[in-house]
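Please go through the structure below with this report at hand. The text follows the helices, their packing and a few single residues.

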Amino acid sequence: MSNQEALFNRIDDLIKAVNQFKNEDDFTTEFTNRKNKNVIEFKDSSEELRNLANLIVYSQNSNSKLVEQVIASGNLDTAFANFDMDKVTELNPCDIADNHWNAIKGIRQQAKLFHIVSLARKIKSLGSLSNVINQVGIPNQVMSQSDIEEFWVAFNRLQKEMKRSKIPFFQSTTSLLHLLMDWGYDCVKPDLVVLNISKQLEIIESTKGEQNFRRTVRVVQEYSVDRKIRPSVIDFYFLIAGGQMAAKKFVIPEFYQNYQLAKF
């Protein structure tokens with residue numbers, strides 16, 4: 001058995017373990033949404049900005065369950081004038097903190113307010129961030145090894161362009177992959193939960209470093225091509241196995257009582 005076959009079998013075992021304890025209705029809904037998601041086409045700049053703001057507030061090891069509650073409450077929309085692009089570009093992040101922080105403090109860091117306003121100003125000058133992404137040629141889906149190669153060539157072009165254009169927040173590998181996955185492209189976000197599972201599965205030896213971030217995503221893409229399953233679905237299983245707060249609801253509590261990461 002090759003090293004890749006052994007690795008893929010370990011991922012198979014993780015998936016089987018999760019499936020034994022899935023909370024059927026919630027699990028199936030999320031699984032289906034991830035499986036069938038297409039690349040997003042935003043209807044206007046406000047919709048795009050709201051989406052990007054949500055990605056920002058979930059970032060930097062925030063408690064995903066608390067962030068989910070803030071977004072669902074509508075308080076983030078209120079704080080940012082319903083993400084009207086023209087209005088957000090005129091906002092002062094300090095005023096947002098003074099007037100709204102108690103209602104949105106679940107996002108964890110006030111610096112995120114500055115990132116959102118700065119991003120709005122940059123997007124307004126560019127016209128649309130989705131147009132920037134469309135121009136670099138990232139494949140909508142990864143269905144072959146050549147698609148994987150094409151993805152990473154285009155990703156490098158995109159990251160270079162994000163840095164050249166000084167796009168706030170989404171220049172790093174992790175944040176940019178998060179954006180692409182959320183927008184329907186075939187990759188995963190190599191956050192700490194996913195990286196911990198990657199290490200447990202012996203995909204990587206360390207959860208730190210650019211090389212390990214990229215290897216985690218690439219191996220998931222390769223597994224997805226081989227098993228004919230979307231990378232975002234594998235991300236779903238990794239988040240559950242890693243005990244992400246917002247993902248725990250997709251399995252019954254006995255999952256975490258019966259399985260330790262080292263057993264996968």
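G184 takes a positive phi of about 105° just after α11. The model is predicted, and the phi value is computed from its atoms. A second glycine follows another helix: G243 comes after α14 and has a positive phi near 75°.

**Two covered helices**

α11 spans residues 173-182 and is mostly covered. Nine of its 10 residues are buried. They are T173, T174, S175, L176, L177, H178, L179, L180 and M181. Which helices cover them? The cover includes α3 (45-58), α9 (129-136) and α10 (145-164). It also includes α13 (210-227) and α14 (231-241).

α14 is largely enclosed by the rest of the structure, because 11 of its 11 residues are buried. The run begins with P231, S232, V233, I234 and D235. It continues with F236, Y237, F238, L239, I240 and A241. Among the elements that cover the buried residues of α14 are α1 (3-19), α2 (24-36) and α15 (254-258). α11, α12 and α13 contribute to that cover too.

**Helix packing**

Two packed helices are described by the angle between their axes and the distance between the axes. Three pairs are set out here.

| Helix pair | Axis angle | Axis distance |
|---|---|---|
| α7 (residues 93-104) and α8 (residues 111-126) | about 125° | 10 Å |
| α3 and α11 | roughly 130° | within 11 Å |
| α12 (residues 192-200) and α13 | about 80° | 10 Å |

Take α7 and α8. Their axes pack at about 125°, which makes α7 oblique to α8. α7 passes α8 in a right-handed crossing. On the α7 side, P93, I96, A97, W101 and I104 make the contact. On the α8 side, L113, F114 and V117 do so. By class, this contact has eight nonpolar residues, no polar ones and no charged ones.

Next come α3 and α11. Their axes cross at roughly 130°, and the two helices are therefore oblique to each other. The crossing of α3 past α11 is right-handed. N51, L52, L55 and Y58 in α3 meet H178, L179 and D182 in α11. What classes of residue make up the contact of α3 with α11? There are four nonpolar, two polar and one charged. H178 and L179, which take part in this contact, also belong to the buried residues of α11.

The third pair is α12 and α13. An angle of about 80° makes α12 roughly perpendicular to α13. V194, L195 and S198 in α12 meet N212, F213 and T216 in α13. The residues of this contact divide into three nonpolar, three polar and no charged. α12 and α13 also help to cover the buried residues of α14.

**F155, against α11**

F155 is found in helix α10. Is F155 buried or exposed? F155 counts as buried, because its relative accessibility is 0% and the cut-off for buried is under 20%. Leaving aside neighbours within four places in sequence, F155 is in contact with T173, L176, L177 and L180. Those four residues are among the buried residues of α11. I138 and R214 are also in contact with F155. The C-alpha atoms of F155 and K166 are separated by 16 Å, with the two residues 11 apart along the chain.

**K65, across the chain**

K65 lies in helix α4 (residues 64-73). Its relative accessible area is 41%. That makes K65 partly exposed, because the value lies between 20% and 50%. Which residues does K65 touch, not counting those up to four places away in sequence? They are M245 and A246. A247 is 182 residues from K65 along the chain. The C-alpha atoms of K65 and A247 are separated by 8.5 Å.

**Cysteines**

How many disulfides does the structure hold? It holds zero. C94 is exposed, with a relative accessible area of 53%. C187 counts as buried, at 0% relative accessibility.

Note on methods. Residues numbered from 1 in each chain as written. Predicted model: local features only at pLDDT ≥ 70, side-chain atom pairs only at ≥ 80, totals over all residues. Heavy atoms only, no water. Disulfide = S-S within 2.5 Å. Buried < 20%, exposed > 50% of the residue type's maximum accessible area, 1.4 Å probe, protein only. Contact = heavy atoms within 4.5 Å. Axes fitted to C-alpha atoms, helices over the stretch in contact; angles between N-to-C directions. Parallel < 35°, antiparallel > 145°, perpendicular 65-115°, else oblique. Left-handed = near helix turned anticlockwise from the far one by under 90°. Nonpolar A, V, L, I, M, F, W, Y, C, P; charged D, E, K, R; others polar.
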